[in-house]
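Student: I should like to understand the reasoning behind the terms used for this structure. Could we go through them one at a time?

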Amino acid sequence: MTVIEQTENCHDGVSVVRKRGSAGNKPSLVVAIAGNPNTGKTTLLNALVGANFSVGNWPGVTVEKKEGILDFADYTIHFIDLPGIYTLEPVSDDERIAYSFLAEQKPDVILNVIETPNLERNLGLTIELAEFGVPMVMALNMADEARQAGLQVNAGKLGALLNIKALPTIGRTGAGVKELLPAIAEAYQTQRRPGPIVYEDLLEAQLPADAQTKREQMEQATRTPAVAQKLNEAFGRSAPQVIREARLGLADGLYHQVAHKTEVRSRSITRALDKVLLHPVLGIVAYLGIMYLFFKISFDFSAPYMDWLDGFINGFLSPLAVQSLLAIHAPVIVAEFVGEAVLGGFAFVLTFLPLIAVMFFLLTLLGMTGYMARLPFVLDRFMSKLGLNGKAIIPLLLGLGCNVPAIMATRTMESQRDKLIVSLMIPFMSCPARLVVFSFFAVLFFPQNPALVIMAMYVIGIVVAVGTSMFMKRRMFKSNPGLLVMELPPYRLPRLRTVGIIVWSHVREFLIRAGKVIFTVSVVVWLLIHLPFGAKPEDSLVAQVGKAITPAFAPIGLNDWRATTSLIPAFLAREVALSFMATIYAAEDTRAPAQIDAGAALVDQVRALGEAVVASVQTLVTPALTTMEVQDDGNSALKTAVMQTFTPLAALSFMILLLLYNSCLAVYGVMAKEIGRKFANGFMLYSFVIGWLVAFVVYRVGLLLTTGSFV
Amino acid sequence: MNGALNALPAGAMATITRMSHDDETSLRAQSMGLREGKQVRVLRRNGRMLLLQIGDTCLAITDDLARRVEVQ
């Protein structure tokens with residue numbers, strides 16, 4: 001019996017499986033769920049185990065790992081959903097994971113999930129799985145769709161030919177799903193092995209006799225030069241190709257013995273939808289509409305909840321904590337540390353939650369319905385010019401709303417290369433937090449044409465993003481994007497429950513993994529700003545750092561320490577630059593009076609939550625995008641102070657720097673999680689250098705144009 | 001008549017007679033159902049992409065890949 005320790009080693013921080021698996025005393029069975037992509041494995045797993053379901057990552061890669069657990073009869077059954085694959089020849093990450101799990105971890109039972117309408121193709125993988133000689137059960141999933149398509153499958157005969165149990169299921173409704181459990185237990189108890197798998201005589205004659213399983217035999221045959229040579233001579237093809245064809249041939253034979261197509265009926269709904277959605281013109285129009293809705297719902301719908309959470313923590317919990325701590329005579333620094341640094345840090349993390357939940361809900365919906373798989377086809381004309389996969393457009397567009405969920409959305413991209421390149425482009429897509437700073441400066445210094453200046457910022461960001469992608473491709477990746485094949489699955493309505501559970505798993509992962517980094521850095525920056533305690537802003541640690549780095553910014557026109565210092569807290573979030581400047585220019589006292597009436601304030605908070613719900617629902621019926629609307633910061637004292645220290649060109653330089661250098665702490669947090677700390681750190685340096693260089697060029701050219709001299 | 005798959009117009013049907021086994025993408029296409037002896041219909045073309053129907057499978061492939069597939 002396999003002991004399920006492998007989950008202990010993998011770095012997915014969240015696994016319900018582990019917690020429950022170790023608590024029960026029943027023997028545990030490890031069942032690997034294997035099948036082609038789009039066979040409904042995840043829905044089936046969800047139907048089997050309900051909420052005991054978790055989404056994590058396979059160790060070392062960004063491929064999702066879904067697991068579930070349940071008690072059945074005498075066993076605790078531990079399901080591991082292998083990535084959807086077409087073959088077990090380990091080429092892509094997905095195949096390597098599935099292959100090494102089957103070959104090295106040796107599950108107790110394999111549950112082979114079949115997309116029944118597509119049985120013929122699916123059986124190719126079945127033959128490869130059967131070669132492992134592990135007890136196997138087959139779920140002929142989407143049995144209803146097969147019937148509608150006029151395909152009859154003799155499940156009993158298929159099972160008998162393969163020496164396994166084959167059961168029809170409908171994952172979406174749960175029909176037939178529970179019958180899989182006794183079949184799994186029985187397959188394990190009887191240790192009935194699938195097969196035997198026997199290929200044609202000419203091939204069998206060449207296979208080594210001393211291997212334990214068919215899989216080993218086949219692998220040895222390709223690895224042993226003498227055997228490979230003989231196969232090559234006998235069949236006139238390379239040994240791996242001979243083996244591939246033998247497997248596919250066996251699968252074809254099996255299919256024709258058990259399947260009967262009564263009439264040729266195509267998937268009419270998919271055909272009809274594709275007529276529009278894949279149309280060269282209508283498809284683009286539909287795509288723009290869908291993206292608009294996606295963007296609108298992600299940002300506008302979640303914004304009221306984000307604002308409410310921010311207000312609830314920073315405007316209620318935080319002052320309440322400070323007040324309570326002072327009331328019990330805690331030192332002021334302790335009270336402020338708890339209220340502002342700790343709770344403020346939590347607020348930084350938590351305010352992202354509504355956005356991430358809504359975004360993942362929509363993303364999962366787009367993925368599970370089958371629309372996402374069509375984007376590369378629809379958008380190829382545009383995206384191939386940039387050398388990018390069509391799916392890249394979703395994260396890039398999301399970046400205009402918020403870089404954090406955008407980087408998380410790169411999870412939908414199959415290729416590591418594309419995921420990395422797109423993740424490094426996203427931070428250059430300007431977000432509304434930067435827009436707040438841009439509009440403040442643009443209105444102040446370029447009152448004739450603030451919109452043009454803001455527009456220029458967006459364009460500079462996009463140009464740098466595209467340049468980065470081209471640079472990455474030329475320098476780091478030399479693969480050939482000209483060869484591409486992908487499957488367009490039929491459109492399907494996913495189970496809302498499955499979508500919900502997947503969304504929750506992503507949200508939990510964000511809280512645990514990215515949240516840690518964001519929280520820690522925000523506390524450190526708070527300390528920099530407030531230490532030594534009681535000092536004036538100009539004597540704080542952050543000001544000392546700011547003063548020390550001022551010479552590095554003098555060439556781009558920023559020679560005032562207050563400007564350079566405000567770049568440091570701006571790393572937390574762009575709009576913080578403004579409030580920090582207000583403090584440091586002593587134009588505003590940010591210390592709010594710490595006296596609040598807890599009862600009355602709580603009532604206010606509840607009312608505010610009610611208003612947030614109403615506001616979010618209202619966004620659904622307002623056609624305009626409210627995320628992009630800008631409110632004037634109205635702090636005239638700050639405006640006067642800033643006017644005195646910045647020249648218009650220096651302001652432009654400052655804006656460019658804020659646009660380009662690593663957009664914010666939360667972006668750094670998710671980047672470190674999604675593409676690794678090495679790339680996140682490298683990007684921070686790279687984006688800073690690029691930001692500085694662009695600002696330098698703009699500042700110096702600006703000087704030349706306005707004064708006739710570079711200096 | 002023999003020819004390359006990428007030369008077929010939208011709506012055309014043909015049988016695959018030969019394809020490359022040398023590159024990973026062709027092998028992937030093979031495991032996805034695009035292989036010798038199978039009937040294929042070109043559903044649509046868009047830019048450098050071809051949309052194919054093979055049995056119950058719908059595949060999108062690039063022009064470069066289709067050039068490596070011989071059909072009859």
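Tutor: The following exchange sets values against definitions for a predicted model.

Student: To begin with chain A, how many helices and strands are there, and what share of the residues is buried?

Tutor: Chain A has 31 helices and ten strands. Of its 711 residues, 48% are buried. Among contacts in chain A with a separation of 6 or more, 73% link residues 24 or more positions apart.

Student: What makes A:M142 count as buried?

Tutor: The cut-off for a buried residue is 20 or more other C-beta atoms within 10 Å. A:M142 has 28 C-beta neighbours inside 10 Å and therefore counts as buried. This residue lies in the loop between β6 (136-141) and α6 (143-148) of chain A. Its phi is positive, about 55°, although A:M142 is not a glycine.

Student: Is A:Q191 buried or exposed, and how do you know?

Tutor: A residue is exposed if 12 or fewer other C-beta atoms lie within 10 Å. A:Q191 has 10 within that distance, so the residue is exposed. A:Q191 also has a positive phi, near 50°, and is not a glycine. Its place is the loop between α8 and α9 of chain A.

Student: Where is A:P196, and what kind of peptide bond joins A:G195 and A:P196?

Tutor: A:P196 is in the loop between α8 (180-190) and α9 (201-204) of chain A. The bond joining A:G195 and A:P196 is a cis peptide bond, with omega about 5°.

Student: Why are α30(A) and α31(A) called oblique to each other?

Tutor: Two packed helices are described by the angle between their axes and the distance between the axes. For α30 (residues 665-675) and α31 (residues 677-707) of chain A, the axes come within 6 Å and cross at roughly 140°. Angles over 145 degrees count as roughly antiparallel, and 65 to 115 as roughly perpendicular. The crossing angle belongs to neither range, nor is it under 35 degrees, so α30(A) and α31(A) are oblique.

Student: Which residues meet where α30(A) touches α31(A)?

Tutor: From α30(A) come A:Y668, A:M671, A:A672 and A:I675, and from α31(A) come A:R677, A:F679, A:A680, A:F683 and A:M684. By class, this contact has eight nonpolar, no polar and one charged residues.

Student: Turning to chain B, how do you know that β3(B) and β4(B) pair?

Tutor: Pairing requires at least two bridges between the strands. β3(B) and β4(B) have five bridges, in the antiparallel sense, so by that definition they pair. In this pairing, B:R44 has B:L51 in β4(B) as its bridge partner. The two strands form a hairpin with two residues between them, and B:G47 in the turn has a positive phi of about 60°.

Student: What joins β4(B) to β5(B)?

Tutor: Six bridges join these strands, which run antiparallel. B:L52 stands opposite B:L59 in β5(B). Here too there is a hairpin with two residues between the strands, and B:G55 in the turn has a positive phi of about 60°.

Student: How many bridges join β10 of chain A to β5(B), and what makes the two a pair?

Tutor: Strand β10 (residues 485-487) of chain A is joined to β5(B) by three bridges, and the strands run antiparallel. The definition asks for at least two bridges, so β10 of chain A and β5(B) pair. A:M486 has B:A60 in β5(B) as its bridge partner.

Student: How many residues does each chain give to the contact?

Tutor: The contact takes 27 residues from chain B and 27 residues from chain A. On the side of chain B that touches chain A, nine residues are nonpolar, ten polar and eight charged.

Conventions:
Residues are numbered from 1 along each chain as its sequence is written. Chains are lettered from A and ligands numbered from 1 in the order in which they are written. This is a predicted model: local features need pLDDT of at least 70, side-chain atom pairs count only at pLDDT 80 or more; totals for chains, interfaces and linings use all residues. Two residues are in contact if their C-beta atoms, placed from the backbone, lie within 7 Å. Ala, Val, Leu, Ile, Met, Phe, Trp, Tyr, Cys and Pro count as nonpolar, Asp, Glu, Lys and Arg as charged, and the others, Gly among them, as polar. Helices (H or I, at least four residues) and strands (E, at least two) are DSSP runs, numbered from the N terminus. Axes are lines fitted to C-alpha atoms, for helices over the stretch in contact, and angles run from 0 to 180 degrees between N-to-C directions.
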